[in-house]
Amino acid sequence: MRHDHLLTAKQLSREDIETVLDRAAEVDANPASFGERHAGRLLGLCFYEPSTRTKMSFEASMKRLGGDVVDMGSVESSSVKKGESLADTIRVVSGYADALVLRHPLMGAAKMASEFVDVPLVNAGDGAGHHPTQTLLDLYTIRENAGLDDLTIGIMGDLKYGRTVHSLANALTNFDVRQHFVSPESLKLPRSVRYDLHEAGATVREHTELDDVLPELDVLYVTRIQRERFPDENEYQRVAGEYQIDEATLAAARDDLTVLHPLPRVDEIAPEVDETDHAKYFEQAHNGVPVRMALLDLLLEGDA
Ligand code: NCD
């Protein structure tokens with residue numbers, strides 16, 4: 001890949017994306033051949049926000065490449081508690097590892113941190129900003145289930161604060177995709193993302209009702225309302241529980257609709273949907289390992 005750091009999905013060209021997805025497919029086909037590729041190398045994990053999938057799949061990926069991780073641990077048990085700045089922590093940890101993964105509650109944190117390090121830094125979520133590695137595994141799952149060209153996708157839920165949405169919407173502009181955004185008025189896409197999509201010439205429509213578009217969709221990408229990002233709990237309560245899907249909702253969908261969700265879900269997808277052929281969100285989460293293995297392999301092979 002051309003880039004030292006992966007900060008937003010905006011920096012990824014179609015060729016970059018295909019390079020990662022093709023490498024991930026190689027990993028899937030023959031994981032053992034990657035088993036010793038990065039033996040002796042270390043990945044630094046700095047997670048300032050909760051994470052299950054992203055952190056554990058990065059750790060699993062590095063170990064499956066023959067490497068290991070050094071983990072800052074929780075904010076509570078680190079020197080962040082003593083008042084250390086992000087820049088200082090990142091500068092120090094970058095000396096312990098060959099690449100870094102950062103998740104932080106503030107938008108722009110990864111970009112700022114990247115200015116203090118000379119190893120590759122990967123943004124694993126910066127507040128309501130971006131989450132480009134989630135996007136790569138989303139794209140991998142979409143490519144496997146529906147293909148990435150001549151695709152109609154619905155992206156539903158918290159489009160305002162959902163960083164996975166911002167990154168996915170940007171990345172999809174590299175492909176022949178019609179994007180339909182479904183949300184309450186108060187959680188529409190931020191103006192900046194709408195601007196990016198417009199600049200990229202994307203085909204985009206916005207809706208408040210899923211019914212208006214569901215029958216057309218190849219993929220429905222459902223997201224959690226990002227409760228922790230609401231400045232006011234009352235605001236959250238006003239929209240909580242809207243935009244849920246169950247088997248009855250999906251009766252109007254095409255038989256081959258693929259339903260995705262970056263997880264964790266709260267109540268957006270009823271558990272009964274898990275048993276249908278539409279549900280691909282656990283497969284999507286599992287794809288986090290081959291896709292992150294592919295990404296780390298590409299980021300580390302340049303200076304192997
Ligand atoms: C997402 C995130 O952290 O943005 N989770 C994930 O990485 N799979 C989505 C979310 O928290 O809703």
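Visitor: Which are the buried residues of α6?
Guide: Welcome! Keep in mind as we go that this is a predicted model. A residue counts as buried when its relative accessible area is under 20%. In α6, the residues that meet this cut-off are Arg163, Thr164, Val165, His166, Ser167, Leu168, Ala169, Asn170, Ala171 and Leu172.

Visitor: How many residues of helix α6 (residues 163-172) are buried?
Guide: The list you just heard runs from Arg163 to Leu172. Helix α6 covers residues 163-172 and is described as mostly covered, with a buried count of 10 of its 10 residues.

Visitor: How many salt bridges does the structure hold?
Guide: Let's start with the general idea: side chains of opposite charge can pair when their charged atoms come close. For a salt bridge, the cut-off between the side-chain nitrogen and the carboxyl oxygen is 4 Å. Across the structure, the number of salt bridges is 23.

Visitor: Where do glutamate 18 and arginine 14 sit, and how far along the helix are they separated?
Guide: These two residues form a salt bridge, with their closest N and O atoms 3.1 Å apart. Glutamate 18 is partly exposed at 27% relative accessible area, and arginine 14 is partly exposed too, at 30%. Both belong to helix α1 (residues 14-29), and because they are four residues apart there, their separation is about one helical turn.

Visitor: What is the relative accessibility of aspartate 256?
Guide: Aspartate 256 forms a salt bridge with arginine 254, and their closest N and O atoms are 3.1 Å apart. Arginine 254 counts as partly exposed, at 32% relative accessibility. Aspartate 256 also counts as partly exposed, and its value is 48%.

Visitor: What is the N to O distance in the salt bridge of aspartate 274 and arginine 265?
Guide: Let's look at the two partners before the distance. Aspartate 274 is partly exposed, with a relative accessible area of 22%, and arginine 265 is partly exposed at 23%. Their side chains meet in a salt bridge whose N to O distance is 2.6 Å.

Visitor: Which residues are linked in a network of salt bridges?
Guide: The salt bridges we have just met were described as pairs, such as arginine 254 with aspartate 256. Here, salt bridges link the residues into a network, and its members are Arg23, Arg37, Asp297 and Glu301.

Visitor: How far apart do the C-alpha centres of domain 1 and domain 2 lie?
Guide: The domain assignment gives domain 1 as 9-130 + 287-303 and domain 2 as 132-285. Domain 1 brings 32 residues to the contact and domain 2 brings 28. Taking the C-alpha centres of the two domains, their separation is 25 Å.

Visitor: What percentage of the area buried between domain 1 and domain 2 do carbon and sulfur atoms give?
Guide: Putting the two domains together buries an area of about 2,600 Å². Carbon and sulfur atoms give a share of it equal to 56%.

Visitor: What is the count of salt bridges between domain 1 and domain 2?
Guide: One salt bridge in the structure joins glutamate 49 and arginine 229, whose closest N and O atoms are 2.9 Å apart. Polar contacts also link the two domains, with 19 residue pairs at pLDDT 80 or more. For salt bridges between domain 1 and domain 2, the count is five.

Visitor: Which element gives the largest share of the side of domain 1 that touches domain 2?
Guide: Several elements give two or more residues to this side, among them α2 (53-64), β3 (99-104) and α11 (288-301). By class, this side has 13 nonpolar, nine polar and 10 charged residues. The largest share is nine residues, and it comes from α1.

Definitions and conventions: Residues are numbered from 1 along each chain as its sequence is written. This is a predicted model: local features need pLDDT of at least 70, side-chain atom pairs count only at pLDDT 80 or more; totals for chains, interfaces and linings use all residues. Side-chain values use heavy atoms; hydrogens and water are left out. Buried means under 20% relative accessible area, exposed over 50%, partly exposed in between (1.4 Å probe, protein chains only). Domain bounds come from an automatic or database domain assignment. Contact means heavy atoms within 4.5 Å. Buried area is the accessible area (1.4 Å probe) that two parts lose on being put together, summed over both. A polar contact is a pair of N or O atoms within 3.5 Å; within protein, one must be able to donate a hydrogen and the other to accept it, and residues adjacent in sequence count only if both atoms are side-chain atoms. Ala, Val, Leu, Ile, Met, Phe, Trp, Tyr, Cys and Pro count as nonpolar, Asp, Glu, Lys and Arg as charged, and the others, Gly among them, as polar.
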